[in-house]
Amino acid sequence: YGMMLPSGNDAACALAEYFGGKYILKQTAANTASRESRSNAGNNRNDVDEDYDSDTTVSSNNSSDSERNCQKKQQQSREKDADNSGRTYSKMCIRAFVAYMNEKVVNDIRVKDTTLKNAHGMDQDGHMSTAYDIAQIASYTMQKERSSVLQQIVRTIEYTWKSKFNNINSETGEIRKCKWLNTNKLLLRNKSVTGFKTGVTRNAGPCLVSSMKMEKGIQILVVT
């Protein structure tokens with residue numbers, strides 16, 4: 001609601017960071033499984049020479065101290081950079097999410113004139129799309145969504161959020177609340193309108209992706 005109703009850029013970045021982190025974990029797990037598979041295949045070889053084994057035993061003993069020193073230095077480096085690690089990981093997650101979005105629009109939605117450079121949609125060199133591509137992305141999103149949660153959100157005119165973490169307002173003593181109003185004014189003018197998203201940047205100006213329930217089904221209109 002915080003992202004789709006008032007065009008919340010902070011909400012977009014927070015969601016990108018969360019889902020980008022999940023994407024990184026998924027990719028890491030897949031890479032680890034692949035390395036373990038290759039390692040197990042190597043361990044099953046029976047053509048290892050006994051003399052080579054004895055030589056490597058000595059070398060591994062000699063290198064153990066060096067490895068421990070290396071690990072110690074790495075640990076010290078991690079502790080030294082602890083203050084910056086959170087911000088670095090956050091940026092990495094968002095970059096992973098943006099990369100996944102670009103992969104999605106090319107491979108699944110198959111649009112050709114869209115390149116995404118950030119998660120919030122603000123002006124940036126190389127960040128671009130077309131009205132046609134945006135219509136295709138909106139249509140794909142609505143068709144693929146199974147739970148209809150997104151469609152419920154984008155047609156909501158007003159939503160009040162209440163903190164779930166006992167976030168108390170020091171002045172009133174009440175749990176913090178936030179009211180979001182949908183910037184898509186067509187929802188107030190026509191009951192057939194079902195969403196979808198507004199947006200404005202300095203370069204693009206005011207833009208609108210609108211969806212409306214018609215006799216032939218949901219129609220999507222993009223104004224740029």
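Start with helix α4, residues 131–144, and colour its buried positions: D133, A135, A138, Y140 and M142. Keep in mind as you click around that this is a predicted model. Now check the ends of α4: its 14 residues reach 20 Å from the first C-alpha to the last, close to the 20 Å expected at 1.5 Å a residue.

Next, show side chains for the largest nonpolar core. Select M4, L5, A135, A138, M142, I153, V154, F196, V209 and V222, which make up its 10 residues. Two elements give two or more residues to this core, α4 and α5 (149–154). Which of them gives the most? That's α4, with three residues.

Stay on α4 and zoom in on A138. What does A138 touch, leaving out residues up to four places away in sequence? You should find F196, V209 and I220 there.

Now move to the aromatics. Select Y1, Y159, W161 and W180, which ring pairs link into a cluster. The count of aromatic pairs comes to five. Take Y159 and W180 from the cluster: their ring centres are 6.3 Å apart and their planes sit at 5°, so this pair is stacked. Planes under 30 degrees apart count as stacked. Follow the backbone from one ring to the other and you'll see that the pair links distant parts of the chain, with Y159 in strand β1 (residues 158–162) and W180 in strand β2 (residues 177–181), 21 residues apart. Switch on the surface for a moment: is Y159 buried, exposed or partly exposed? It counts as partly exposed, at 28% relative accessibility.

For something odd in the backbone, jump to R110. You'll find R110 in the loop between α3 (82–107) and α4 (131–144). Its phi is near 60°, a positive value in a residue other than glycine. Most residues other than glycine have a negative phi. With a relative accessible area of 65%, R110 is exposed.

Finally, zoom out and switch to cartoon. The protein has six helices and five strands, and from the N terminus on they run α-α-α-α-α-β-β-α-β-β-β. Of the 224 residues, 21% count as buried. Among contacts with a separation of 6 or more, 46% come from residues 24 or more positions apart. Turn the surface back on for the last stop: the accessible surface comes to about 16800 Å², and 50% of that belongs to carbon and sulfur atoms.

Terms used: Residues are numbered from 1 along each chain as its sequence is written. This is a predicted model: local features need pLDDT of at least 70, side-chain atom pairs count only at pLDDT 80 or more; totals for chains, interfaces and linings use all residues. Side-chain values use heavy atoms; hydrogens and water are left out. Rings of Phe, Tyr and Trp (its six-membered ring) pair if their centres lie within 6.5 Å; planes under 30 degrees apart count as stacked, over 60 as edge-to-face and the rest as tilted. Helices (H or I, at least four residues) and strands (E, at least two) are DSSP runs, numbered from the N terminus. Buried means under 20% relative accessible area, exposed over 50%, partly exposed in between (1.4 Å probe, protein chains only). The expected span of a helix is 1.5 Å times one less than its number of residues. A nonpolar core is a set of buried Ala, Val, Leu, Ile, Met, Phe, Trp, Tyr and Cys residues joined through side-chain atoms within 4.5 Å. Contact means heavy atoms within 4.5 Å. Accessible areas come from the Shrake-Rupley method with a 1.4 Å probe; for residues, only the protein chains shown count as cover.
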